[in-house]
Amino acid sequence: MNLARFPRIRLGHMPTPLEPMERLTKHLFPNGDGPTLWIKRDDATGLSTGGNKTRKLEYLMADAVAQGADVVITQGATQSNHARQTAAACAKLGIECQILLEDRTGYTDPAYTQSANVMMDRLHGASISRRPGGADMQAEMEVVAEDLRKAGRKPYVIPGGGSNPVGTLGYVTCALELVNQANEIGLRIDHLVHATGSAGTQAGLVAGLVGLNSGINLLGIGVRAPREKQEANVLALAQRTADHIGLPAGTIRAEHVRANCDYVGQGYGIPTEGMVEAIKLLARMEGILLDPVYSGKGMAGLLDLLRKGQFKTGENIVFLHTGGQVGLFGYPDAFDLPRD
């Protein structure tokens with residue numbers, strides 16, 4: 001796969017670290033009778049506190065610049081990590097950013113509606129407009145874009161999560177990076193686990209890992225949609241991505257896409273006991289902060305599967321940390337922490 005032929009603007013700190021989680025492994029398997037846990041630190045991509053969207057934006061923003069865009073439009077939930085990183089990328093490149101935020105939780109606490117990611121969106125100079133839960137956000141963006149075109153502007157529309165065949169190139173690149181890192185240290189990766197939502201991260205990883213014939217089992221832990229819908233979304237985007245990068249037709253098949261959506265809880269962005277436990281455990285065992293919407297629920301799913309014996313002794317499991325820790329500040333009451 002020759003990804004160098006696709007336009008890319010370097011925005012992140014790559015490669016991100018691949019680290020063992022020794023204390024967590026020992027805590028879960030004190031007798032050494034379980035798998036070994038690793039973490040791929042895509043929270044350390046650097047752009048506006050980092051996160052997985054930076055990889056996608058390296059390709060999306062390059063495409064926007066190539067098309068002569070003078071304003072970027074994107075959308076996400078109120079505490080969208082994608083919106084924050086898009087706003088930062090636009091600031092870095094001197095392009096106006098307009099963000100549409102959808103109310104997917106109904107939360108009205110100012111810590112959620114005005115702080116954390118929302119505050120950082122504004123610090124980066126983005127303009128924000130709100131939409132009710134359930135709105136057709138792609139259609140809403142197209143309305144904004146058309147108004148801008150009529151005013152003589154050149155808008156570039158990025159879908160939620162940056163999840164289209166251009167954005168997913170970021171995670172095809174990540175698959176290459178991870179396999180190379182593992183080869184350099186002699187690590188056989190048996191499983192790669194991550195949180196999956198808008199499908200772009202998982203679709204890019206599927207295309208990359210399958211295209212490399214890596215032999216790595218990929219599992220997405222869903223944070224929003226039911227399993228059948230999530231897997232269908234990922235498969236469709238992975239196949240479009242494979243076509244975009246020139247893999248032979250039929251390379252990506254349904255058996256390459258697996259999602260476990262048992263850990264969503266009451267809905268997207270709504271805390272669960274498992275998420276809270278996972279965040280506290282990683283913070284206290286590894287000094288690593290997860291986020292409450294994606295990686296926290298992803299790790300909650302992994303921990304539960306580990307405790308149920310879903311993985312074999314001696315296997316190596318890598319958890320992909322997709323970032324978003326700044327979102328913790330939007331959920332100050334979820335963690336029942338002591339106060340002075």
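**A tour from Asp42 to two cavities**

Begin by selecting Asp42, which is buried, with a relative accessible area of 0% (buried means under 20%, exposed over 50% and partly exposed in between, with a 1.4 Å probe and protein chains only). The model in your viewer is predicted, so local features need pLDDT of at least 70 and side-chain atom pairs count only at pLDDT 80 or more, while totals for chains, interfaces and linings use all residues. Residues are numbered from 1 along each chain as its sequence is written, and side-chain values use heavy atoms, with hydrogens and water left out.

**The salt bridges**

Keep Asp42 selected and add Arg55, because the two form a salt bridge whose closest N and O atoms are 2.7 Å apart (a salt bridge is a side-chain nitrogen of Lys or Arg within 4 Å of a carboxyl oxygen of Asp or Glu). This pair links distant parts of the chain, with Arg55 in helix 2 and Asp42 in the loop between strand 2 and helix 2, 13 residues apart (helices, H or I of at least four residues, and strands, E of at least two, are DSSP runs numbered from the N terminus). Arg55 is also buried, at a relative accessible area of 1%.

Next select Lys40 and Glu177, which form a salt bridge with the closest N and O atoms 2.5 Å apart. Lys40 lies in strand 2 and Glu177 in helix 7 (residues 169-185), so this pair ties together parts that are 137 residues apart in sequence. Both Lys40 and Glu177 are buried.

Then move to Arg153 and Asp70, whose salt bridge has its closest N and O atoms 3.2 Å apart. Arg153 lies in the loop between helix 6 (137-150) and strand 6 (155-158), and Asp70 in the loop between helix 2 and strand 3 (71-77), so the pair ties together parts that are 83 residues apart in sequence. Arg153 counts as partly exposed at 27% relative accessibility, and Asp70 counts as partly exposed at 28%. Now show Lys40, Asp42, Arg55 and Glu177 together, since salt bridges that share partners join them into one network. The structure holds 18 salt bridges.

**Asp43 and its neighbours**

Select Asp43, which is found in the loop between strand 2 (36-41) and helix 2 (53-66) and is buried, with a relative accessible area of 6%. Leaving aside residues up to four places away in sequence, Asp43 touches Thr49, Gly50, Gly51, His321, Gly323 and Gln325 (contact means heavy atoms within 4.5 Å).

**The cavities**

For the last stop, turn to the enclosed spaces, where the largest cavity has a volume of about 120 Å³. A cavity is a set of points on a 1 Å grid over the protein atoms alone where a 1.4 Å probe fits but cannot get out, and lining residues have an atom within 4 Å of a point. The largest cavity is lined by 16 residues, of which Asn52, Lys53, Ala195, Thr201 and Tyr294 lie nearest its centre. Helix 2, strand 7 (191-196) and helix 8 (200-211) each supply at least two residues of this lining.

Finally, select Gln79, Asn81, Asn117, Asp291, Pro292, Val293, Gly324, Gly327 and Tyr331, which line the second largest cavity, and note that this second largest cavity has a volume of about 40 Å³.

Conventions: On a 1 Å grid over the protein atoms alone, a cavity is a set of points where a 1.4 Å probe fits but cannot get out, and a pocket is an open set with protein on both sides within 12 Å along at least five of seven lines; lining residues have an atom within 4 Å of a point. Grid points are joined across faces, edges and corners, and a volume is the space filled by probe spheres set on the points.
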